[in-house]
Amino acid sequence: MLKYRLISFPLLIALGALMFCWKAGGFWIYTVIAPLALGLAVYEAAAMVQKINILSYPRITGLVAAVAALGALNGQRLLENFSLSMRIDLVLCSVAALLVLPALTLIFRKEGVLERIAGSAGVFFVFGVPLLAAVSCWLLMLPFEPLNIFKSGTVPGMLFLIAVSKMMDTGGYIFGMLSGKFLPGGNHKIAPSVSPKKSWEGFAGGLILTVLAACCFHWWGDLKLWWCVVTGVVLALGSFFGDLTESALKRRCDIKDSGNYIPGMGGALDVLDSFIYNGVLFIIMATVFYSKF
């Protein structure tokens, strides 16, 4: 697995660098990659829960999530050309379209349709909406005009979220592996029945690296130091529990990975599990608590 990660991880870093550094085309690359990744992650979640008899429509659920992400990222640009009455009509039409779904189930009267729709809705709200919040953090691209957190337009909020969140994964993996190999008697497991590889040593190492990564944005982007420290701790905990949540689901569904698209890492949900909670947490820390530090 390690050798495959050594291939996949640098490629993901290179893709991220291209999105953040290419000012002319980075956003458009993101609007292709992010909805696709979100759609795949939600599809994988819907497919997994079917193994524990929570019926759904995985492909449709994933498609809805991808379209929602695409709309969130491009909606502001599209709505700029709409009058107020056109925006109201759009909302009413969207609500009417949603009301068509229950009506169709009554027309066709297929057994299990209502259960599948309820299952799809549950998966979308449990996984799709929080991950959609993370995807939408690109809209906090700076200069952060309402908050003025990042100055000089040099540090996008999405870069902070990704770099800090994934540092917990990376640090936990490295320190957990090293402590398990070199400590007498091995490392100390946190929740072996849910995620056998997670250890307290890996958690501590990941937490330290996550806070250090957050503090780099203080030195680079002139963010408030205490906000970086506290946000680093919050995102480290969010990343850890996001990973633990997906691990518990995979253990319950008796599968190893959510998919096999990314060598050494698994599926899209395996990569995005750090953001199950962190998208919402980061938005709260940026919009509510920055001024308090």
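Which residue forms a salt bridge with Lys-250, the closest N and O atoms being 3.0 Å apart? The partner is Asp-270. This pair links distant parts of the chain, with Asp-270 in helix H9 and Lys-250 in helix H8, 20 residues apart. The model is a predicted one, and the salt bridges are a good way into it.

Asp-270 and Lys-250 are both buried. For Lys-250 the relative accessible area is 11%, and the residue counts as buried because that value is under 20%. Lys-250 has another partner. Its side chain meets that of Glu-246 in a salt bridge, with N to O at 3.9 Å. That distance qualifies because the cut-off for a salt bridge is 4 Å. Glu-246 and Lys-250 are four residues apart in helix H8, so about one helical turn separates them. Glu-246 is buried too, at 1% relative accessibility. Taken together, Glu-246, Lys-250 and Asp-270 are linked in a network of salt bridges. The general principle is simple: side chains of opposite charge can pair when their charged atoms come close.

The structure holds five salt bridges. One of them joins Asp-169 and Lys-166, at 2.9 Å from N to O. These two residues lie three apart in helix H6, so they are separated by about one helical turn. The geometry behind such spacing is general: an α-helix has 3.6 residues a turn, so residues three or four places apart point the same way. Asp-169 is partly exposed, with a relative accessible area of 22%.

Stay with H6, which spans residues 157–182. Leu-178 has its place in this helix. Leu-178 is partly exposed, at 38% relative accessible area. It belongs to a nonpolar surface patch of about 460 Å². The other members of the patch are Ile-174, Phe-175, Met-177 and Phe-182. Why can Leu-178 count towards a patch? Its 38% relative accessible area is over the 30% that patch residues need.

Now turn to helix H10, residues 275–289. Its buried residues are Phe-275, Ile-276, Asn-278, Gly-279, Phe-282, Met-285 and Ala-286. What do they pack against? Four helices take part: H5 (113–135), H6, H8 (225–253) and H9 (268–272). H8 and H9 are also the helices that hold Lys-250 and Asp-270.

Asn-278 deserves a closer look. Is this residue of H10 buried or exposed? Asn-278 is buried, with a relative accessible area of 0%. Its side chain reaches the backbone oxygen of Leu-235 at 2.9 Å. Leaving out residues up to four places away in sequence, Asn-278 touches Leu-161, Ser-165, Val-234, Leu-235, Gly-238 and Ser-239. Leu-235 thus appears both as a contact of Asn-278 and as the residue whose backbone oxygen the side chain reaches.

Next, the cysteines. How many disulfides does the structure hold? The count is zero. Cys-215 is in no disulfide, and the nearest cysteine sulfur, that of Cys-228, lies 6.0 Å away. A disulfide is a covalent bond between the sulfur atoms of two cysteines. The cut-off here is 2.5 Å between sulfurs. For Cys-216, the closest cysteine sulfur is in Cys-215, at 7.4 Å, which is too far for a bond. The two residues have their own burial classes. Cys-215 counts as buried, at 7% relative accessibility, whereas Cys-216 is partly exposed, at 40%.

Last come two loop residues and their backbone angles. Most residues other than glycine have a negative phi, and most peptide bonds are trans. Asn-53 has a positive phi, near 65°. It lies in the loop between helix H2 (26–49) and helix H3 (58–79). Asn-53 is exposed, with a relative accessible area of 68%. Asp-254 also has a positive phi, near 60°. This residue lies in the loop between H8 and H9. Asp-254 is exposed as well, at 70% relative accessible area. The helices on either side of that loop, H8 and H9, bring the path back to the opening pair, Lys-250 and Asp-270.

Technical notes
Residues are numbered from 1 along each chain as its sequence is written. This is a predicted model: local features need pLDDT of at least 70, side-chain atom pairs count only at pLDDT 80 or more; totals for chains, interfaces and linings use all residues. Side-chain values use heavy atoms; hydrogens and water are left out. Patches are made of residues with over 30% relative accessible area and no salt bridge: like charges are joined within 9 Å, nonpolar side chains (Val, Leu, Ile, Met, Phe, Trp, Tyr) within 5 Å. Accessible areas come from the Shrake-Rupley method with a 1.4 Å probe; for residues, only the protein chains shown count as cover. Buried means under 20% relative accessible area, exposed over 50%, partly exposed in between (1.4 Å probe, protein chains only). A polar contact is a pair of N or O atoms within 3.5 Å; within protein, one must be able to donate a hydrogen and the other to accept it, and residues adjacent in sequence count only if both atoms are side-chain atoms. Contact means heavy atoms within 4.5 Å.
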